[in-house]
Amino acid sequence: MNIVFWLIGTLIVVLGPIILIHELGHFTFARLAGARVEEFGLGFPPRLLKLWRSKGYLEIGSTRVVIPAGFRLPSRPVYDTKQNIDPGKSEDFEPELILQPRSVPKTRLEAGAWVDVIAQQHDDGTYLLRRMTVLDPAEDDLTIKHEHVDEGVHMRGELTILEPGTLYSLNWLPIGGFVKMTGEEDPSDPRSLAAQPKRWRVAVLAGGAAFNIIAALLLLVGAYTTGFPDKWLVEITRVEPETAAEEAGLQPADIILAVSGERIEGGLAHLHNIIRAAPEQTLELDILRGDETLTITATPRRTSEGYGFLGIRMAPWPDRSAVQRYRLPEALSASINDTAAAILMTVQVPAMLVQGDITPQEARPASMVGISEILAISLQQSIEWGLAFPVLQTASLISLALGLTNLLPLPALDGGRILFVLIEAVRGRRISPNREAMFHFVGLVIMVGLMVLVMLQDIINPIIPWSWLVK
């Protein structure tokens with residue numbers, strides 16, 4: 001239960017916002033490009049609530065009426081009545097009347113529908129929607145009207161254009177969000193994404209990755225300005241039984257400050273080198289146990305290779321007296337350098353893997369489970385250390401990785417869609433929307449299958465031992 005708590009909590013608090021930033025990038029550039037954004041969802045469906053709808057407009061004939069933000073557009077379902085008569089019954093048998101709701105309303109609010117509207121006319125001649133009803137051609141009066149009444153202007157007629165505005169929704173799965181745009185492959189609608197100029201389509205598709213890279217940079221700036229430890233102590237995470245450490249009385253959660261008067265500044269590597277170089281030599285360990293500082297004497301045993309062995313498992317612990325808080329210009333410079341180095345490292349990974357510089361285990365992909373586990377460990381460290389740096393730095397790397405991964409020219413990814421726009425620019429004509437849609441659909445199915453396999457691997461063979469989350 002503790003592991004599940006940390007994974008779900010990190011997914012909602014850290015990873016969810018990173019995904020939401022990605023979708024916000026697509027949303028922002030889609031609005032700038034003039035593409036219709038039908039819905040911006042907080043979380044993943046199924047839908048929980050319709051929060052509000054942004055300002056839109058409609059046209060009745062040639063008259064434009066502004067739809068105010070938050071206006072609830074009408075929906076009018078229609079029911080059929082059918083008589084179910086058994087032919088074997090007598091003629092005086094009373095038929096059973098059955099009401100059967102249609103799965104799709106008979107009269108829907110879309111271009112071509114007839115509507116009855118009350119609008120307010122402003123001094124500049126514009127109209128603001130106040131009330132609206134969808135008419136049923138089989139039952140309602142379809143006489144065209146445009147007249148002033150006590151409530152405003154009464155209009156009735158055929159709806160020629162409907163731009164309802166963007167629906168902002170809250171969904172059940174609190175993981176990031178999504179953007180629903182009209183026609184990513186089909187250019188038949190002039191407000192669809194596919195109908196926009198190529199430069200804008202590329203901008204919209206790359207907007208999510210761009211926002212993730214910017215977010216990665218800003219997260220690092222926050223990490224450096226809130227405080228970065230320049231020196232590291234060591235925390236004992238486990239004392240092995242029947243070892244010199246157990247005989248000396250060392251305990252898990254002890255913080256090693258110094259050894260024989262030498263202050264620990266380089267963390268694990270520093271302490272490891274001191275112990276290896278001191279077989280059968282008595283060492284005085286200055287430790288912090290809770291709020292109390294103690295000095296414990298321990299003698300590392302000699303291994304078969306002749307090195308000292310104390311018998312402890314260790315983890316880095318920040319030296320709170322050496323936490324450096326960068327000024328904003330310094331933090332920005334350091335963050336740019338770190339981001340550029342991370343991008344270069346990502347590009348070099350295939351070559352490093354082939355050359356044997358890194359192992360397949362180090363280059364393995366991670367699913368949402370593995371990413372959440374890494375973030376959960378970082379969040380734990382931030383809470384234990386009282387420093388925001390671990391979780392901000394890890395979140396920065398995850399945001400950067402999400403942005404760069406989505407730019408890969410693979411089916412169903414943003415990079416794959418950008419590739420089709422570039423091919424169109426070279427060929428001078430568009431690839432068939434049906435073929436493009438099928439290409440991305442097949443790619444999506446394959447990628448989902450691969451992600452399921454990676455997720456199973458992250459569960460069975462986790463990147464970090466599950467025991468690290470049990471605290």
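The following exercises, each with a worked solution, examine selected residues, cavities and cores of this structure.

The model is predicted, so local features need pLDDT of at least 70 and side-chain atom pairs count only at pLDDT 80 or more, while totals for chains, interfaces and linings use all residues. Residues are numbered from 1 along each chain as its sequence is written, and side-chain values use heavy atoms, with hydrogens and water left out.

**Exercise 1.** Determine where S304 lies and whether S304 is buried or exposed.

*Solution.* Step one is to place the residue: S304 is in the loop between β17 (301–302) and β18 (308–309). Here strands (E, at least two residues) and helices (H or I, at least four) are DSSP runs, numbered from the N terminus. Step two is accessibility: S304 counts as exposed because its relative accessibility is 74%. The classes are buried under 20% relative accessible area, exposed over 50%, and partly exposed in between (1.4 Å probe, protein chains only). Step three is the side chain, which makes a polar contact with the side chain of E305 (3.3 Å). A polar contact is a pair of N or O atoms within 3.5 Å; within protein, one must be able to donate a hydrogen and the other to accept it, and residues adjacent in sequence count only if both atoms are side-chain atoms.

**Exercise 2.** Describe the setting of E163 and identify its side-chain partners.

*Solution.* First, E163 is found in strand β9 (residues 152–163). Second, E163 is classed as buried because its relative accessible area is 9%. Third, the side chain of E163 makes polar contacts with the side chains of R36 (2.7 Å) and R191 (3.0 Å). Fourth, apart from neighbours within four places in sequence, E163 is in contact (heavy atoms within 4.5 Å) with R36, G56, Y57, I67 and R191.

**Exercise 3.** State how many cavities of 30 Å³ or more a search of the whole structure finds, and describe their linings.

*Solution.* The search finds two. On a 1 Å grid over the protein atoms alone, a cavity is a set of points where a 1.4 Å probe fits but cannot get out, and lining residues have an atom within 4 Å of a point. Grid points are joined across faces, edges and corners, and a volume is the space filled by probe spheres set on the points.

The largest cavity holds about 80 Å³ of space. Its lining consists of E184, E185, L193, A194, R201, L205, R417, V421, R430 and E436. Two or more of these residues come from each of α2 (198–226) and α9 (414–427).

The second largest cavity has a volume of about 40 Å³, and R201, F420, V421, E424, R430, I431 and E436 line it. Helix α9 provides the largest share of this lining, three residues. One lining residue, E424, lies in helix α9 and counts as buried because its relative accessibility is 10%.

**Exercise 4.** Identify which residues have the most contacts inside the largest nonpolar core.

*Solution.* A nonpolar core is a set of buried Ala, Val, Leu, Ile, Met, Phe, Trp, Tyr and Cys residues joined through side-chain atoms within 4.5 Å. The largest has 27 residues, and L250 and L310 have the most contacts inside it. Elements that give two or more residues to this core include β12 (232–239), α3 (244–248) and α4 (267–276). Beyond neighbours within four places in sequence, L310 is in contact with residues including L250, I275 and L285. A second, separate core of 17 residues includes A119, L129, V134 and L162.

Terms used. 1 Å grid on protein atoms, 1.4 Å probe; cavity = no way out; pocket = protein on both sides within 12 Å on 5 of 7 lines; lining within 4 Å.
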